[in-house]
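This report looks at how parts of one protein chain pack together, and it also picks out a few residues for closer attention. Please have the sequence and the structure at hand while reading.

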Amino acid sequence: MKPVTNRLESLDVLRGFDLFCLVALEGILHPLGRAIDASWYNDFLWGFSHVKWEGFSSWDLVMPLFMFMAGVSMPFALSRYKAMPDKWAVYRRIIKRVVLLWIFGMMCQGNLLGLDPDRIYLYSNTLQAIAMGYLIAAMLFLHVRLSVQIGTAVALLLAYWGAMQFISVDGYGGGNYTPDGNLAEWIDRTVLGRFRDGAVVENGKVVFAEYYRYTWILSSLNFGVTVLTGLFAGHILKSGMEQKRKWQWLLGIGAAMVALGWLWGLQLPVIKKIWTSSMVLVSSGYCFLLMGLFYYWIDYKGHRKNITWLKVYGMNSIVAYMLANVISFRCIGTSLFHGLEQYIGNYYSPLIAASNALIIYVILWLLYKRNIFLKV
């Protein structure tokens, strides 16, 4: 494959930072926490753990940031298709990406590779959320002007809020934002049924897992908005305005969105698991701030030393995600270091996790050095 040129370097690095956190850091820090078993470290791990329901931690930003960056790249990847009267070429590209992301998402959840029909769940993964958000944003980008894209994003946020606030069915909804009573939960249970993640059939009846509270179908409205907010950042970054103005706009919009999101959160709680509209504003605002900071430091100020290791993750992000979620290289670490377990005790598990992360990085580094960048 040909090497990638003329890329927005800050985007590659930010994407790499996101994937490093997801692929390497999380898998090492939590086993290390169990080994250290200290209150100060457990407090530190809050930033690397999802909140149980309402609220937002830094770790809750990983998935929205992944989706946001899919939108940022859209003006750079699809602009040449906008003026084409025949768009079947780009439609095929979009459909291919959506289908592949959907299949990869099912693989990551263990659904397909389990080879067990009872474990087939249709909509349950970050990659599928990206696919749905990408489809919505791509169609809007190709067919309507920026003002309509912004208006549609606002309309989707309000449509989600209106549905959750005013629709009541079978005791769900009507402004209920609890795990067991919100409308998005009812919709997923009703539409997906046995094909919802964690659901099983017992005595002919679908039983839903009590631990599983992520929702996908109604939340797809706001998946589209999350990717659209990235698209809006991409519009700024691809525009002809001065570089200084670009990072100023990104930071200003980000701060405003965070403030507005937390303000809305007083009425519509900030809940990532059901992807509430207030959560979209909060998370996308933070994404704007990160994009602005990375753009300022790398593309504006020109600080490019010691960032290649992040580009290794960022320029093969889907490969990194799939390697981390589908293939375990722990057997290699276990084979190499099994004799150390008796000496290091609880620290053996973090060592194996670190070896797994290192092997994934080596694979990504080899691809990077050979200019092999696998895309969907």
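In this predicted model, helix α1, which covers residues 9–36, packs with helix α3, residues 62–72, at an angle of about 155°, and their axes are 10 Å apart. Since angles over 145 degrees count as roughly antiparallel, α1 is therefore described as roughly antiparallel to α3. The crossing that these helices, α1 and α3, make is left-handed.

The contact can also be followed residue by residue. From α1 come Leu11, Leu14, Arg15, Asp18, Leu19 and Leu22, and they meet Val62, Leu65, Phe66, Met69 and Val72 of α3. Sorted by kind, the residues of this contact between α1 and α3 are nine nonpolar and two charged, with no polar residue.

We turn next to the nonpolar cores. The largest nonpolar core has 102 residues, and Phe68, Met74, Leu78, Leu127 and Met291 are those with the most contacts inside it. If neighbours within four places in sequence are left aside, Phe68 is in contact with Thr226, Thr229, Gly230, Ala233, Ser284, Cys287, Phe288 and Met291. Another core, of seven residues, lies apart from the largest one, and its members include Cys21, Leu29, Tyr41 and Val62.

Is Ala70, a residue of helix α3, buried or exposed? Ala70 is buried, because its relative accessible area is 8%, and buried means under 20%. When residues up to four places away in sequence are not counted, Ala70 touches Ile130 and Val227. Ala70 and Phe56 are 14 residues apart in sequence, while in space they are 21 Å apart, taken from C-alpha to C-alpha.

Two residues in loops are set side by side in the table.

| Residue | Loop | Phi | Relative accessible area |
|---|---|---|---|
| Asp37 | between α1 and α2 (39–45) | near 50° | 61% |
| Asn203 | between β3 (200–202) and β4 (205–207) | near 55° | 86% |

For Asp37, the phi value is positive although the residue is other than glycine, and a positive phi in a residue other than glycine is also found at Asn203. Asp37 counts as exposed because its relative accessible area of 61% lies over the cut-off of 50%. Asn203 is likewise exposed, with a relative accessible area of 86%, and its place is the loop between the strands β3 and β4.

Key:
Residues numbered from 1 in each chain as written. Predicted model: local features only at pLDDT ≥ 70, side-chain atom pairs only at ≥ 80, totals over all residues. Heavy atoms only, no water. Axes fitted to C-alpha atoms, helices over the stretch in contact; angles between N-to-C directions. Helix = DSSP H or I, 4+ residues; strand = E, 2+ residues; numbered from the N terminus. Parallel < 35°, antiparallel > 145°, perpendicular 65-115°, else oblique. Left-handed = near helix turned anticlockwise from the far one by under 90°. Contact = heavy atoms within 4.5 Å. Nonpolar A, V, L, I, M, F, W, Y, C, P; charged D, E, K, R; others polar. Core = buried A, V, L, I, M, F, W, Y, C linked by side-chain atoms within 4.5 Å. Buried < 20%, exposed > 50% of the residue type's maximum accessible area, 1.4 Å probe, protein only.
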